Amino acid sequence: MEATATVYIRKGAQHRIESGHPWMYQSEVDRIEGDFQPGSIVDVCNHRGRFIGRGYINPRSQIIVRIMTREQEPIDRNFFQKRITAAWKYRQRFVSEPEYCRLVFGEADFLPALIVDKFGDYIVIQTLALGIDVHKETIVSILDEMFHPAGIYERNDVPVRKLEGLDMRKGYLKGNFPTLIQVKENDFPFYADIENGQKTGFFYDQRENRQVLKQFVAGAHVLDCFCHTGSFAVHAAKYGAKSVTALDISDLAIEVAQKNAELNGVSDICSFSVGNAFDVLRAQTEEKRQYDVVILDPPAFTKSRSSLEGAARGYKEINLRGLKLVRPGGFLVTCSCSFHMDRELFRAIVVDAAKDARRVIREVDYRTQAKDHPILPAAAETHYLKYLVVEVQ
């Protein structure tokens with residue numbers, strides 16, 4: 001598909017896009033020349049007319065253009081074939097279990113708004129913007145050709161699609177199979193509910209981070225808040241924890257977490273319950289409970305800069321409570337998956353929480369997302385996960 005129109009960036013707004021960021025906002029448009037339909041391929045030029053990139057347009061979205069290539073090349077089946085092949089080669093090189101990985105991570109794999117997760121013989125896909133959704137049939141065909149999966153499932157039941165003028169939907173794109181499937185992470189088996197679980201049903205982005213637990217959980221009593229389907233809890237138990245108390249607000253997540261503990265033979269070590277982490281942390285602080293390791297891996301507290309202040313208060317509270325529950329010499333593992341929560345701000349919040357908890361902390365490790373969630377330095381939005389480990393005195 002060739003470009004049908006050209007979008008010109010207004011003078012002074014070109015620097016971020018010229019530096020490699022793939023998004024062009026409505027406010028950055030100077031003018032559009034040529035005819036197009038929402039979802040069409042367009043060229044992007046600076047105010048002097050110099051070509052910057054080619055991508056898809058949707059005037060309904062605040063991100064009016066998402067750039068797919070910096071070359072004047074057709075966006076056709078061959079283009080998608082090359083992009084997906086390159087993404088797969090990257091995973092084969094850098095991921096220890098490439099059969100179980102995030103195969104395509106949107107903008108970071110130069111396929112904006114496309115998510116593809118590989119769950120062994122099954123593939124789950126999300127097309128989160130109009131301009132990529134129009135190519136869904138082609139993308140599914142390529143995935144089928146490349147991997148011959150037993151099944152392909154779409155999880156397009158995501159509210160962000162409404163901003164693009166798309167409906168929310170989920171269902172089979174190939175095959176008809178039980179949607180509670182088995183995946184692997186660090187060679188441990190886990191169930192993933194790809195029909196009703198969060199996002200695509202499993203989070204691969206903490207893969208390498210979970211291995212860090214091996215360094216300090218042996219013989220430990222562990223509290224795992226926001227445990228989701230139990231991956232941190234099971235890893236802790238498999239790495240030698242004496243007990244793991246885990247909780248999540250979702251009944252469905254806890255049900256799968258219990259199955260995951262059974263699958264890994266650690267049901268006698270792991271105890272799961274449904275509960276609000278803020279309430280449980282507060283109650284256990286008042287009870288003066290103590291653990292050797294506390295893990296905090298909450299969902300994103302903010303999805304916009306405007307709500308950052310409230311999110312900071314939320315992170316401060318859970319880290320304050322978590323720190324009080326760690327016995328001296330123990331460890332706090334604390335995470336944030338909010339892009340708007342800057343790394344240095346997140347560290348500062350934990351430091352502030354330690355001060356208020358009257359605890360002294362020593363940083364052990366500060367990591368980011370797994371390698372199948374690559375980062376584009378020019379697009380800070382792709383660098384979202386913070387994983388901080390501190391020793392508590």
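Biologist: At the start of α10, which residue has a side-chain oxygen that reaches the backbone nitrogen of Glu 344?

Modeller: This is a predicted model. The contact sits at the start of α10, and the distance is within 2.8 Å. The side-chain oxygen belongs to Asp 342.

Biologist: What distance does α10 reach from its first C-alpha to its last?

Modeller: Helix α10 runs over residues 343-356, 14 residues in total. At 1.5 Å a residue, 20 Å is expected. The model comes close to that, at 20 Å.

Biologist: Around the axis of α10, what arc do the buried residues cover?

Modeller: Buried here means under 20% relative accessible area. Phe 346, Ile 349, Val 350, Ala 353 and Ala 354 are buried in α10. They lie on the same side of the helix, because their arc is only 140°.

Biologist: Which elements do those buried residues of α10 pack against?

Modeller: The partners include one helix and strands. They are α9 (308-325), β18 (326-336), β19 (361-367) and β20 (386-392).

Biologist: Now α4: what arc do its buried residues cover?

Modeller: Lys 136, Ile 139, Val 140, Ile 142, Leu 143 and Phe 147 are buried in α4. An α-helix has 3.6 residues a turn, so residues three or four places apart point the same way. The buried set shares the same side of α4, with an arc of only 160°.

Biologist: Which residue with a positive phi follows α4?

Modeller: Helix α4 covers residues 136-147. The phi after it is near 45°. The residue is His 148.

Biologist: Just after α10, what phi does Arg 358 take?

Modeller: Arg 358 comes just after the helix. Its phi is positive, about 60°.

How values were computed
Residues numbered from 1 in each chain as written. Predicted model: local features only at pLDDT ≥ 70, side-chain atom pairs only at ≥ 80, totals over all residues. Heavy atoms only, no water. Helix = DSSP H or I, 4+ residues; strand = E, 2+ residues; numbered from the N terminus. Expected span 1.5 Å × (residues − 1). Buried < 20%, exposed > 50% of the residue type's maximum accessible area, 1.4 Å probe, protein only. Arc of directions from axis to C-beta. Contact = heavy atoms within 4.5 Å. Polar contact = N/O pair within 3.5 Å; in protein donor to acceptor, adjacent residues only side chain to side chain.
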